Amino acid sequence: MGPIKVTFLGTGTSQGIPMIACACEVCQSNDTRDKRLRVSLHLDIAGKSIVVDTGPDFRQQMLRESISHVDAILYTHEHKDHTAGLDDIRGFNYFQKVAIPLYAQSRVIDQLKREFAYAFDENKYPGVPDIQVHEIDEKPFELKEIEVLPIRVKHFLLDIFGYRIGDFTYITDANFIEEEEIEKIKGTKVLVLNALRKASHVSHFNLAEALEIIAKVNPEQAYLTHVSHQLGLHAEVQKELPPNVFLAYDGLKITI
Ligand SMILES: [Zn+2]
Ligand SMILES: [Zn+2]
Ligand SMILES: [Zn+2]
């Protein structure tokens, strides 16, 4: 398969950082690592360009990273901070002249059909996003000859997907992972996992819970994402983390 090149397009929770109207020290910080767009990831695997989720900052993220080609979109779940930017794939349609394949479980596809009804119309208005929908379930599937293993995690009441590709696993918006699914993650070299803040939360791991999962999986490296302004300043939080755990930041690139 070759190396997996990962770019963190966004590492913030649904409100982003700074959060509108917030005067806290994190939202007011001048450290660029404290500026977090809504969570999303880009993967470059053997020249295939894959985006995980298209949040409200999708356009800005594509422009910032000069991404000129998208081969597929993988969705973790249907929340707006992960889907709102789908309309902006039109640029890729325009230049690539193909429908962009998207992969999601049926409940997520239903939600996309409600939110972007015009893109699913039988007789489409000219210029609407052109997509090709692939419904997935928990079984491994092939995406452009790349084997993808869905990891089922709990996001409060929702069963949502993280994804393992080779030695890389990406999980966001989880607050619980069954042992059976942890077993699927084991052996991964790099694990990306969500950690919202220090206080507990009904639908997201807090920092202590994320570190517990990381200790169980024991990857070579772990990166924390989907971060809220309540977690604290990047520079200070990073100092408190175990040596193999890093607080991700927007624009961070790693190769596995
Ligand atoms: Zn989210
Ligand atoms: Zn704030
Ligand atoms: Zn969510």
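**Note on the three zinc sites**

1. Both D173 and H226 are buried, and these two residues are a good place to begin reading this predicted model, since D173 and H226 each donate to the zinc ion (ligand 1).

2. The zinc ion (ligand 1) is held by four protein atoms, namely an OD atom of D81, NE2 of H82, an OD atom of D173 and NE2 of H226, at 2.1 to 2.2 Å. Along the chain these donors follow the spacing D-H-x90-D-x52-H. D173 sits in the loop between strand 10 (168–170) and helix 6 (179–185), while H226 sits in the loop between strand 12 (221–225) and helix 8 (234–239), so this pair ties together parts that are 53 residues apart in sequence.

3. The angles among the four donor atoms of the zinc ion (ligand 1) run from 94 to 162 degrees, and the site is classed as irregular. A student may wish to check this against the cut-off, because four donors count as tetrahedral only if all angles lie between 85 and 135 degrees.

4. The zinc ion (ligand 3) lies 3.5 Å from the zinc ion (ligand 1), and D173 coordinates both. The donors of the zinc ion (ligand 3) are H77 through NE2, H79 through ND1, H155 through NE2 and D173 through OD, at 2.2 to 2.4 Å. Here too the site is irregular, with angles of 90 to 174 degrees among the four donor atoms.

5. In sequence, the donors of the zinc ion (ligand 3) are spaced H-x1-H-x75-H-x17-D. H79 belongs to the loop between strand 4 (72–74) and helix 2 (80–83), whereas H155 belongs to strand 8 (residues 146–155), so the pair ties together parts that are 76 residues apart in sequence. Their surroundings can be read from the accessibility values: H79, at 31% relative accessibility, counts as partly exposed, but H155, at 4%, counts as buried.

6. The zinc ion (ligand 2) has as its protein donors the SG atoms of C22, C24 and C27 together with ND1 of H229, lying 2.1 to 2.3 Å from the ion. The spacing of these donor residues is C-x1-C-x2-C-x201-H. Of two of the cysteines, C22 counts as buried at 18% relative accessibility, while C24, with a relative accessible area of 24%, is partly exposed.

7. Why is the arrangement around the zinc ion (ligand 2) tetrahedral? The four donor atoms subtend angles of 106 to 115 degrees, which makes the arrangement around the zinc ion (ligand 2) tetrahedral. For reference, the ideal angle for four tetrahedral donors at a metal is 109.5 degrees.

Definitions and conventions: Residues are numbered from 1 along each chain as its sequence is written. Chains are lettered from A and ligands numbered from 1 in the order in which they are written. This is a predicted model: local features need pLDDT of at least 70, side-chain atom pairs count only at pLDDT 80 or more; totals for chains, interfaces and linings use all residues. Side-chain values use heavy atoms; hydrogens and water are left out. Donors are N, O and S atoms within 2.8 Å of the metal (3.2 Å for Na, K and Ca); water is not among the atoms, so sites may look incomplete. Four donors count as tetrahedral if all angles lie between 85 and 135 degrees; four count as square planar and six as octahedral if opposite donors are over 155 degrees apart and all others between 65 and 115; anything else is irregular. Helices (H or I, at least four residues) and strands (E, at least two) are DSSP runs, numbered from the N terminus. Buried means under 20% relative accessible area, exposed over 50%, partly exposed in between (1.4 Å probe, protein chains only).
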